[in-house]
Amino acid sequence: MNYNFNEIEAKWQKYWAKNQTFKAENNSEKPKYYVLDMFPYPSGAGLHVGHPLGYIASDIYARYKRHQGFNVLHPQGYDSFGLPAEQYAIQTGQHPALTTEENIKTYRRQLDQIGFSFDWSREVRTSDPSYYKWTQWIFIQLFNSWYNKDSDKAEDISELIKRFASEGNSKVNAICDDAIEPFSAKDWNAFDSVKQQKILLQYRLTYLAETEVNWCPALGTVLANDEIVNGVSERGGHPVIRKKMTQWSMRISAYAERLLEGLEKIDWTESLKETQRNWIGKSVGAHVEFRIQNSEFRIAVFTTRPDTIFGVSFMTLAPEHELVSQITTPAQKAEVENYIEATAKRSERDRMSDVKTISGAFTGAYVEHPFTKQPIPVWIGDYVLAGYGTGAVMSVPCGDQRDYDFAKHFNIPIPNIFQDADISKEAFADKDKIIIANSDFLNGLNYKEATKKVIDALEKLGQGQGKTNYRLRDAVFSRQRYWGEPFPVYYVDGMPQMIDAKHLPIRLPEVEKYLPTETGEPPLGNATVWAWDTTKNEVVLNDLIDNKTIHPLELNTMPGWAGSSWYFNRYMDAHNGNEFASKEALNYWKDVDLYIGGSEHATGHLLYSRFWQKFLFDKGLVPVDEYAKKLINQGMILGTSAFVYRLNPGVMHREREYAGQHAFFKNEIFISKKMYDLLDMSGYGNSAIKNEETKCIFNFLEDYIEKEIIEKSEQTRALFYGKNANSDNLTFLITPIHVDVSFVNSSDELDIEAFKNWREEYKDAIFIGENGEVLPFGEDLGGAFKVSREVEKMSKSKYNVVNPDQICVDYGADSLRLYEMFLGPLEQYKPWNTAGITGVHGFLKKLWRLYVGENGLLVNDAEPSKDHLKTLHKTIKKVQEDIENFSFNTSVSTFMIAVNELTAQKCTSKEILEPLLILLSPYAPHIAEELWNQLGHNESISTAPFPKFDASYLVESSKNYPISFNGKMKFTMELPMDFNAQQIEEAVMAHEKTQEQLQGRAPKKVIIVPGKIVNIVG
């Protein structure tokens, strides 16, 4: 009987689905274990082989815990709101819900065929109204809460309103907006409703405010910092600018300290914890206020180095700082405005990471030093961010390198306030080695002494105080797009009102277009039925808005991280229509025991979800304030990309957009890897220069330019020959182009016809092959054209993805699962090589032959030998240790060794081969189920008890000693391990071969090391 993996896998996948084998119960006498994967966004491309890596690891662990007798919750769902479906809707008009549904079907089919033990009865989709009903509900709870610093938790806003009505806000110790005006109870009670609501927005945990945001014009939406890479949008690579917009924000900053403290009690990777610590960015220092000369305004700064206040030689404001426009002098206005416009085109991350570019503008304004009263010039610079601290810094160039570089660049004085410090070439930033000088009452003090003294002095002046600051900023919670959770918000007199929870969900309306409106409103502005009737409590036609009983609804939608910030709780009670999860379910499952996902979510999902969990804990809605005990970040499976090299004649692509190339010549020209490797690229502007090995390329190109160039002129000739149009020194550059790996064979040879048919612009391409031969369009190459290879991230955009569907067809899901684990440690990056999967597939065939022969099952009730038991129990020990340590790659090697040994031992004992299947089952569940069934079991192997390790089977009862004479081994002798030296000597001396060697002589000495050697010195 052959190993027919396709039939076997289809059979058991159908069995698991029909019998709901992996369905978890909310009430069980078994101990609970909750294994969770970061749920996927269902993209149109489906899964590639890199995606299942973490899922396979979590599935192994989930199956292992079931074998150990746990009630395992291992759910799966979809983070199904997302920009790609909306972009597709903009292009095609197809509703994102339809696109998402189609994509989910693909994902579900792919996940099922890999054999995951998910409890699909608990599937959630963030775009399902029955799910986002509760996302909207949590938003309302956040809106109706404030953060009380005295109790150090979120409390109901109604309690704050009572305090305002009875005592004003002077005694309220809250985390709230800065610079809130004080008011008495009498004031509060006299305020009108709109004024009261505006004040409350300054305290609420989710609030409306004008905020500096990352605006992407091409996508028509605001982006979070983690959605921007290298200054452009992660999705599509579009430019991002900074602009002010009225947005919903989440007051995550209220939880900054608790988010830091919580890291100490969860078992997450240290690198991820450190990333979150740095993102939260706690720093201790002082709040200092500088009075602006001839003005009522003050500039507030936060500094971690108040001891250096006498070294301040200029102030730097963020270009977006609210005071810039008010303090800039008329003479500096044009320069300042131009600088602000240029800065708006750079993302915050770009500004933070760019330490080489020095830029700024002088406002013309001055502040007064708190102690010396000397004027200090006020500049703006893009290295200062509006959202961090106060958006202003007191610049001390002698102690900060960025300030130093700025001062040098703009010729600003650099006073030295450090005793015996050399600042002639760079700033002196080692605060632990400084003694303050040239600083009046701080002279002679060290950093700590000076810090305390200057804070005391600032407090006496009323211009400062000690303060702890956090880099973490409140999270913008609005997106100007269609495909996201609608806010449960309508507006009365411009103020946001929450829709009563009993009327949720507020569903997305139908729209004709998914683009922003002609007046710049978000896509929901295209809806005709998007107003709230407060008498009927339902959504009605916009035309009915009267601002009395019918009011406009919020046009923004929630960001992608909204639904993922609490989904782990919904899995506990996925179909509860009355609450987001029952207390019984929440108290039973409590938290996630093992969470597996990518480290790229460290400052996005993994931070926001911790914030929401702590808020829900404060409100008594969940039993724990950290939702995941242990987190493992899986690495990445890398793809092997293929490149061809496009030849760009002359300097044209440096001076014009590439698209303009078609105005000059007819064909795309590509050179092979060998020709590329031979090129000398040391010419002007990294261009190629002719040598003997590559002159064929130059000769062809010179001939091509003369014959095929479309526009013949001195201008175009200059593009190919450089600035001197009469020169004969042709130059060209090379651009590597990704090629779909399906066009490339195992010898790295390109299928030229497939490549030419791939894109319209390639149909008439010319190829210069390995030996310099040229393939004009329509002729036979007559030689090879090879691509180059490079290992990089597996991605659709790099055309290097490998589809798991074909792998499952050709080798089976069990082979895929084993191979992905075999590639290397879970946390590391690993290159994919399809050819390598044949090894693990061969192993599964060998495993099958250990159990099944040509005439049927080979397993019987034979008594296991000592060697059989030793092989089994060392395998049990190693596999269990590997699973507990998440070292899945070494388990695969262990299985291979065990099967090789048992095959060599001709083992057929059921006592050995049955527990071996249980060990293998988490890794290769289909073949394990099939063989388990053939051994006579009617129940799934998934709940069979995990084999117990017995160390006694690994204890050697005897030792095969090498018997040496004068250091040369002559024979071996097996003796009991418990023999002492005297017993060993007696047995060896009595052996006939010893007598033969000695020939009647008495040995001079017998050297015995029990358990190791015997050496007879004659």
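Which residue caps the N-terminal end of α14? That residue is D400, with a side-chain oxygen that lies 3.1 Å from the backbone nitrogen of R402. Welcome to this predicted model. The protein chain has 1018 residues, and its secondary structure comprises 33 helices and 38 strands. Below is a short tour, starting with the whole chain and then visiting two helices, two strand residues and a patch on the surface.

**The chain as a whole**

- Taken along the principal axes, the box filled by the C-alpha atoms of the protein chain is roughly 115 × 85 × 75 Å.
- Of the residues in the protein chain, 53% are buried.
- The exposed area of the protein chain comes to about 45200 Å², and carbon and sulfur atoms supply 48% of that area.
- Among contacts in the protein chain with a separation of 6 or more, 71% join residues that are 24 or more positions apart.

**Helix α14 and its two ends**

- Helix α14 covers residues 401-410, and its buried residues are D403, Y404, F406 and A407.
- Looking down the axis of α14, you would see these buried residues fall within an arc of 165 degrees, so they line one face of the helix.
- A general rule helps when reading such a pattern: an α-helix has 3.6 residues a turn, so residues three or four places apart point the same way.
- The cover over the buried residues of α14 includes three strands: β13 (314-317), β15 (375-380) and β16 (392-395).
- At the N-terminal end of α14 sits the cap from D400, while N411 follows the helix with a positive phi, near 60 degrees.

**Helix α6 and its two sides**

- Helix α6 runs over residues 157-167, and I157, L160 and F164 are buried in it.
- Seen down the axis of α6, the buried residues fall within an arc of 55 degrees, so they too line one face of their helix.
- K162 and S166 are exposed on the other side of α6.
- Packing against the buried residues of α6 are two strands, β3 (145-148) and β4 (153-156), and two helices, α7 (185-190) and α8 (193-201).
- Just after α6 comes G168, which has a positive phi of about 75 degrees.

**Two buried strand residues**

- T206 belongs to strand β6, which spans residues 206-216.
- The relative accessible area of T206 is 0%, so this residue counts as buried.
- A polar atom of the T206 side chain lies 3.1 Å from the backbone oxygen of S249.
- Leaving aside residues up to four places away in sequence, T206 touches F139, L142, F143, W248, S249 and M250.
- I734 is found in strand β28, residues 732-739.
- With a relative accessible area of 16%, I734 is buried, because the cut-off for buried is under 20%.
- In sequence, I734 and V644 are 90 residues apart, and their C-alpha atoms are 9.8 Å apart in space.

**A nonpolar patch on the surface**

- V529, L541 and L544 make a nonpolar surface patch of about 230 Å².
- One of these patch residues, V529, lies in the loop between β20 (495-498) and β21 (531-533).
- V529 has a relative accessible area of 35%, so it is partly exposed.

Terms used. Residues are numbered from 1 along each chain as its sequence is written. This is a predicted model: local features need pLDDT of at least 70, side-chain atom pairs count only at pLDDT 80 or more; totals for chains, interfaces and linings use all residues. Side-chain values use heavy atoms; hydrogens and water are left out. Patches are made of residues with over 30% relative accessible area and no salt bridge: like charges are joined within 9 Å, nonpolar side chains (Val, Leu, Ile, Met, Phe, Trp, Tyr) within 5 Å. Accessible areas come from the Shrake-Rupley method with a 1.4 Å probe; for residues, only the protein chains shown count as cover. A salt bridge is a side-chain nitrogen of Lys or Arg within 4 Å of a carboxyl oxygen of Asp or Glu. Helices (H or I, at least four residues) and strands (E, at least two) are DSSP runs, numbered from the N terminus. Buried means under 20% relative accessible area, exposed over 50%, partly exposed in between (1.4 Å probe, protein chains only). The arc is that of the directions from the helix axis to the C-beta atoms. Contact means heavy atoms within 4.5 Å. A polar contact is a pair of N or O atoms within 3.5 Å; within protein, one must be able to donate a hydrogen and the other to accept it, and residues adjacent in sequence count only if both atoms are side-chain atoms.
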